[in-house]
Amino acid sequence: MTLTPEQRITLHGFNNLTKSLSFNMYDICYTRTKEEREAYIEYIDEQYNSDRLKRILQTVTNIIGAHVLNIAQQDYVPQGASVTILVSEGPVVEVPTESFEESPGPLPESVVMQLDKSHITVHTYPEYHPDEGISTFRADIDVSTCGEISPLKALNYLIHSFDTDIMAIDYRVRGFTRDIHGHKLFIDHDISSIQNYIPDQVKSQYDMIDVNVYQEHIFHTKCKLRQFDLNNYLFGYTKDKLKPEEVQEITERLKTEMDEIFYGTNIQRGSMDEDDE
């Protein structure tokens, strides 16, 4: 199926396709002491509390052209937060020509599109290693829509809303809808890769893996930050306060943590360096 941006499919009834975007981000930090770990968790809980997360998701609803029906939010003890928004069809004011294009979506500007029903959720997971000084923060955002616009148009804004060392992004189109002749349509837009919805400036900052199962309409990409500056991973101090051997040890721990998350496996210390030689 090849469509120009101006083309539209005439459907029998409404669009039954479900388009689901799952955006997972990770922030990594080195915390030497119990006090630093607790301070990092407190910082994360303050930076990404349910009120701020709610504002982020409300902007997503504007980007996908939805009406908010219900908002549920919760800050958890000892840490973490969740927000769930139930949304419904937005009014069709004007259909932007870029809706079918594989291109990054807008930042906080409003895009009004047709949408039948949907939900948007976010959950946060701050945690730390029991004895190696590594603290991580993960946020899971899911955007599920029915209708014309793809939730991938919200991806650009989501990436800019979080400080991300690692991103894992999944997109899937499920179900089917019918055209006026009763012919089943299992997807209503062309897509070759999630990466086409990420701006070039962002892509240039990351090493990326792309996996696509086109016949099943399943798309996956992973991103790991390329540049490593230890100062960006120290909580409350800079590397000039450390001995050279401490710099080397902490750097190795942080890079191993990032590789393990990126590749989805536990890695023996030093094995990645040996493979690179």
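How many bridges join strand 6 to strand 10? Keep that in mind while looking through these close-ups of a predicted model.

**View 1. Strand 6 pairs with strand 10 and with strand 1.** Seven bridges link strand 6 to strand 10 (residues 218-225), and the two run antiparallel. Here you can find arginine 172 standing opposite isoleucine 218 in strand 10. Strand 6 itself covers residues 166-174, and it also pairs with strand 1 (residues 18-30), again in the antiparallel sense, over nine bridges. For that pairing, look for threonine 18, which sits opposite arginine 174 in strand 6.

**View 2. Helix 2 has a cap at its N-terminal end.** Just ahead of the helix, which takes in residues 50-63, asparagine 49 does the capping: one of its side-chain oxygens lies 3.0 Å from the backbone nitrogen of aspartate 51. Following helix 2 comes glycine 65, with a positive phi near 75 degrees.

**View 3. Helix 2 spans what its residue count predicts.** With 14 residues at 1.5 Å each, helix 2 should span 20 Å, and because its end C-alpha atoms are 20 Å apart, the two agree. Its buried residues include Leu53, Ile56, Leu57, Val60 and Ile63. A handy rule for reading such a list: in an α-helix, residues three or four places apart point the same way, because there are 3.6 residues a turn.

**View 4. Three residues make a nonpolar patch on the surface.** They are Ile209, Val211 and Tyr263, and together they offer about 250 Å² of accessible area. Isoleucine 209 belongs to strand 9 (residues 206-213). Isoleucine 209 counts as partly exposed because its relative accessible area is 32%.

Notes. Residues numbered from 1 in each chain as written. Predicted model: local features only at pLDDT ≥ 70, side-chain atom pairs only at ≥ 80, totals over all residues. Heavy atoms only, no water. Pairing = 2+ DSSP bridges. Helix = DSSP H or I, 4+ residues; strand = E, 2+ residues; numbered from the N terminus. Patch = residues over 30% accessible without salt bridge, like charges linked within 9 Å, V, L, I, M, F, W, Y side chains within 5 Å. Areas by Shrake-Rupley, 256 points an atom, 1.4 Å probe, with all protein chains shown as cover. Salt bridge = Lys/Arg side-chain N within 4 Å of Asp/Glu carboxyl O. Buried < 20%, exposed > 50% of the residue type's maximum accessible area, 1.4 Å probe, protein only. Expected span 1.5 Å × (residues − 1). Polar contact = N/O pair within 3.5 Å; in protein donor to acceptor, adjacent residues only side chain to side chain.
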